[in-house]
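Let us take a friendly walk through a protein model, from its confidence scores to its empty spaces and a few chosen residues. Keep the picture open while you read.

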Amino acid sequence: MDTKAHWSQVYRTKAADDVSWYQTHPELSLAFIQATQVALNASIIDVGAGASTLVDDLLEAGYTDITLLDIAQEALEVARTRVHAAASRLTWLIGDITTIPLARHRYDVWHDRAVFHFLTDPLQQKGYIDQVLHAIKPGGHIIVATFAPDGPEKCSGLATARYDATALHGVFGSQFSLIDSTQESHHTPWGTEQRFVYCYCRKTVSDASMSIHESA
Ligand SMILES: C[S@@+](CC[C@H](N)C(=O)[O-])C[C@H]1O[C@@H](n2cnc3c(N)ncnc32)[C@H](O)[C@@H]1O
């Protein structure tokens, strides 16, 4: 399956507010980011941002160093058009999160809603976690939202992995400490319910510890 072609096709054929994951305001994501208590100039990356309105709310809250990453350029174009004049103050990255080169220790906060759960292959999961270890500062904050154990088995025609907070933290491993978690019932634009789990972890490894990238 060509992941990039799949997601590009989704955003070419569906309006941003006509997809199951659409939220008018991603309130829980914003609340978790604010709970980190990072400064407004802290560096935040939204992984698999799609056309999410999180960026609008982060800008409104005063955050100034925001990176939006997605495999589908079409998705980021929707967000870029919507934020209009603010677009030039943001960083836009197009690529696969498991392989795209990211700057070492660049980010204070890593946010992912509904992306990690598409990585059902342990090798892809490892690629993703190595990216977090590489790109997040020691002590950095990681907020990942996936489908909960009673969430959908598929989304956008793709199989998903489902987690509770313990299982999700378990996949990330001992380099991360679990700070908080919660469940959410997301209501799709057509009124069905999807159960999510949100996990907030901190990276505990020191600079001396190495991931694959850091040893290169
Ligand atoms: C279900 S949508 C969620 C979008 C957004 N996070 C939100 O909550 O509205 C999943 C997003 O992840 C992106 N995506 C899927 N696989 C990806 C990957 N391997 N690397 C980067 N982005 C990916 C898709 O293009 C899509 O925008």
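Two residues are in contact when they have heavy atoms within 4.5 Å of each other. With that in mind, start at Y198, which has its place in strand β9. Setting aside neighbours within four places in sequence, Y198 is in contact with Q23, L28, S29, F32, R113, V144, A145, D180, S181, T182 and E184. One of these partners, E184, also shares a polar contact of 3.0 Å with Y198, side chain to side chain. Another partner, D180, is 18 residues away from Y198 in sequence, and their C-alpha atoms are 8.3 Å apart. Is Y198 buried or exposed? Its relative accessible area is 0%, so Y198 counts as buried, given that the cut-off is under 20%.

**How confident is the model?**

Please remember that this is a predicted model. Across the protein chain the mean pLDDT is 95, and 94% of the residues reach 70 or more. Among the strands and helices, where do the two ends of the confidence range fall? The lowest mean, 96, belongs to strand β6 (residues 154-155), while β1 has the highest, at 99. Residues 209-216 are another matter: pLDDT stays under 50 there, and the model has 15 contacts beyond four places in sequence for this stretch.

**A strand and the loop after it**

Strand β6 is worth a visit, and K154 lies in it. K154 has a relative accessible area of 54%, and it is exposed because the cut-off is over 50%. Its contacts, leaving aside neighbours within four places in sequence, are F147, A159 and T160. K154 and W21 are 133 residues apart along the chain, yet 12 Å separates their C-alpha atoms.

The loop between β6 and β7 holds S156. This residue is partly exposed, at 24% relative accessibility. S156 also has a positive phi of about 55 degrees, although it is not a glycine. Why point that out? Most residues other than glycine have a negative phi. A114 is a further example, with a positive phi of about 70 degrees, and it is not a glycine either. You can find A114 in the loop between β4 and α5 (122-135). At 14% relative accessibility, A114 counts as buried.

**Open and closed spaces**

Now look for the gaps. Rolling a probe the size of a water molecule over the atoms shows where empty space is left.

The largest pocket has a volume of about 680 Å³. It is lined by 34 residues, and those closest to its centre are W7, G48, A114, V115 and F118. So A114, the residue with the positive phi, turns up again here, because it is among the residues closest to the pocket's centre. Two or more lining residues come from each of α1 (3-13), β1, β2 (65-70), β4 (107-113) and β7 (158-159). Which element gives the most to this lining? That is α1, with 3 residues.

The structure also holds 1 cavity of 30 Å³ or more. About 40 Å³ of space lies in the largest cavity. Its lining is made up of I142, V144, L168, H169, F172, C199 and C201. Three elements, β5 (136-147), α6 (165-172) and β9 (193-203), each supply at least two of the lining residues. The most comes from α6, with 3 residues. V144 links two parts of our tour, since it lines this cavity and is in contact with Y198.

Here are the two spaces, with their linings by class:

| Space | Volume | Nonpolar | Polar | Charged |
|---|---|---|---|---|
| Largest pocket | about 680 Å³ | 20 residues | 10 residues | 4 residues |
| Largest cavity | about 40 Å³ | 6 residues | 1 residue | no residues |

**One last residue**

Finish at T36, in the loop between α2 (27-35) and β1 (43-47). Which residues does T36 touch, not counting those up to four places away in sequence? They are V109, H141, I143 and Y200. Within its own neighbourhood, a polar atom of the T36 side chain lies 2.5 Å from the backbone oxygen of I33. T36 has a relative accessible area of 8%, which means that it is buried, as the cut-off is under 20%.

Key: Residues are numbered from 1 along each chain as its sequence is written. This is a predicted model: local features need pLDDT of at least 70, side-chain atom pairs count only at pLDDT 80 or more; totals for chains, interfaces and linings use all residues. Side-chain values use heavy atoms; hydrogens and water are left out. Helices (H or I, at least four residues) and strands (E, at least two) are DSSP runs, numbered from the N terminus. Buried means under 20% relative accessible area, exposed over 50%, partly exposed in between (1.4 Å probe, protein chains only). A polar contact is a pair of N or O atoms within 3.5 Å; within protein, one must be able to donate a hydrogen and the other to accept it, and residues adjacent in sequence count only if both atoms are side-chain atoms. On a 1 Å grid over the protein atoms alone, a cavity is a set of points where a 1.4 Å probe fits but cannot get out, and a pocket is an open set with protein on both sides within 12 Å along at least five of seven lines; lining residues have an atom within 4 Å of a point. Grid points are joined across faces, edges and corners, and a volume is the space filled by probe spheres set on the points. Ala, Val, Leu, Ile, Met, Phe, Trp, Tyr, Cys and Pro count as nonpolar, Asp, Glu, Lys and Arg as charged, and the others, Gly among them, as polar. pLDDT is the predictor's confidence in each residue, from 0 to 100.
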